[in-house]
Amino acid sequence: AVLAVSVPTSQTQVFAQQVPAASNEKTVSATGIATISVDPDLLNINFGVETEAITAKEAMSANSEAMAQIVAAIKKLGITDEEISTSGFNIYPVYRDISDPITGIYVKSELSGYRVSNILHVKTEKLTLASSILDVAVEAGANRVDSVSFILSPKTQLVVQNDLIEQAVLNAKSKAEKAIASLGQKIIGVKMVSLSDFAYPP
């Protein structure tokens with residue numbers, strides 16, 4: 001008998017699914033399953049500062065000053081320049097509505113200033129610093145926290161993926177051998193192995 005195996009992969013679970021044979025060979029298809037639980041090894045934090053002033057120059061100046069204080073504060077925790085990047089920088093005009101003082105009816109919008117938004121991205125393997133990074137950043141002037149996530153690094157993802165594929169294929173092979181043992185048949189080769197994209201839940 002020839003074994004046909006299909007292996008869609010995921011971070012926590014891998015399946016080897018049945019694949020119908022396209023020839024007259026005696027084939028057996030099997031479904032293999034492999035699961036694993038993996039601790040995250042990478043921390044991602046996005047936070048920043050929004051400032052507003054009458055002129056764009058004043059808003060940008062205030063933002064730059066606050067951001068410099070934030071960066072200095074998180075560096076004192078041991079975060080390096082390589083672990084810090086800018087994930088977003090925007091400047092917006094701010095308008096205020098003008099209404100008729102007697103009727104209260106809207107008349108027009110008038111430019112009242114500018115708002116600058118500057119978002120930092122911290123990516124580090126120092127997972128235990130998550131709360132400290134946020135604490136010192138807010139103390140230094142950060143007024144928005146966009147996201148905090150613990151994920152697997154690309155290197156760990158690859159190791160997990162390879163391990164799960166191997167386990168799933170071996171599981172499928174074991175099931176196929178047991179299925180045909182009572183028929184006096186043995187597996188003599190592999191007809192097909194099909195892999196799908198690797199993905200994992202957050």
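The following exchange examines the fold, the sheet and the nonpolar cores of a predicted model.

Biologist: Which conventions apply to the values, and what pLDDT do local features need?

Modeller: Residues are numbered from 1 along each chain as its sequence is written, and side-chain values use heavy atoms, with hydrogens and water left out. As the model is predicted, totals for chains, interfaces and linings use all residues, side-chain atom pairs count only at pLDDT 80 or more, and local features need pLDDT of at least 70.

Biologist: How many helices and strands does the protein have?

Modeller: Helices (H or I, at least four residues) and strands (E, at least two) are DSSP runs, numbered from the N terminus. Along the sequence they follow the pattern β-β-β-β-β-α-β-β-α-β-α-β. The secondary structure comes to three helices and nine strands.

Biologist: In which order do the four strands of the open sheet stand?

Modeller: Two strands pair if DSSP finds at least two bridges between them. Strand 5 and strand 7 are joined in the antiparallel sense over 11 bridges, with E50 opposite S117 and L43 opposite T124. Strand 6 and strand 7 are also antiparallel, over 15 bridges, and S85 has H121 as its bridge partner. The order in the open sheet is 6-7-5-8.

Biologist: Why is one side of strand 6 and of strand 8 left without a neighbour in the sheet?

Modeller: The four strands form an open sheet with antiparallel pairing. Strand 6 and strand 8 (144-151) each have a single partner strand, so one side of each lacks a neighbour, as they stand at the edges.

Biologist: What angle does the direction of helix 1 make with that of strand 5?

Modeller: Axes are lines fitted to C-alpha atoms, for helices over the stretch in contact, and angles run from 0 to 180 degrees between N-to-C directions. Helix 2 packs on the sheet, touching strand 5, strand 7 and strand 8, and its direction makes about 10° with that of strand 5. Helix 1 packs on the sheet against strand 5, strand 6 and strand 7, and its angle with strand 5 is about 150°.

Biologist: Around the axis of helix 1, what arc do its buried residues cover?

Modeller: Buried means under 20% relative accessible area, exposed over 50%, and partly exposed in between (1.4 Å probe, protein chains only). In helix 1, A59, N63, A66, M67, I70, A73 and I74 are buried, whereas K57 and E65 are exposed on the face turned away from the buried side. The arc is that of the directions from the helix axis to the C-beta atoms. The buried residues lie on the same side of helix 1 because their arc is only 120°.

Biologist: Which residues touch the most other members of the largest nonpolar core?

Modeller: A nonpolar core is a set of buried Ala, Val, Leu, Ile, Met, Phe, Trp, Tyr and Cys residues joined through side-chain atoms within 4.5 Å. This core has 20 residues, and strand 5, helix 1, strand 7 and helix 2 each supply at least two of them. Another core, of five residues, lies apart from it and includes V28 and I180. Those that touch the most other members of the largest core are F47, I70, I74, V122 and I133.

Biologist: With which residues is I74 in contact, leaving aside its neighbours within four places in sequence?

Modeller: Contact means heavy atoms within 4.5 Å. I74 belongs to helix 1, where it is buried. Its contacts beyond those neighbours are F47, I79, I84, V122, I133, V136 and A137.
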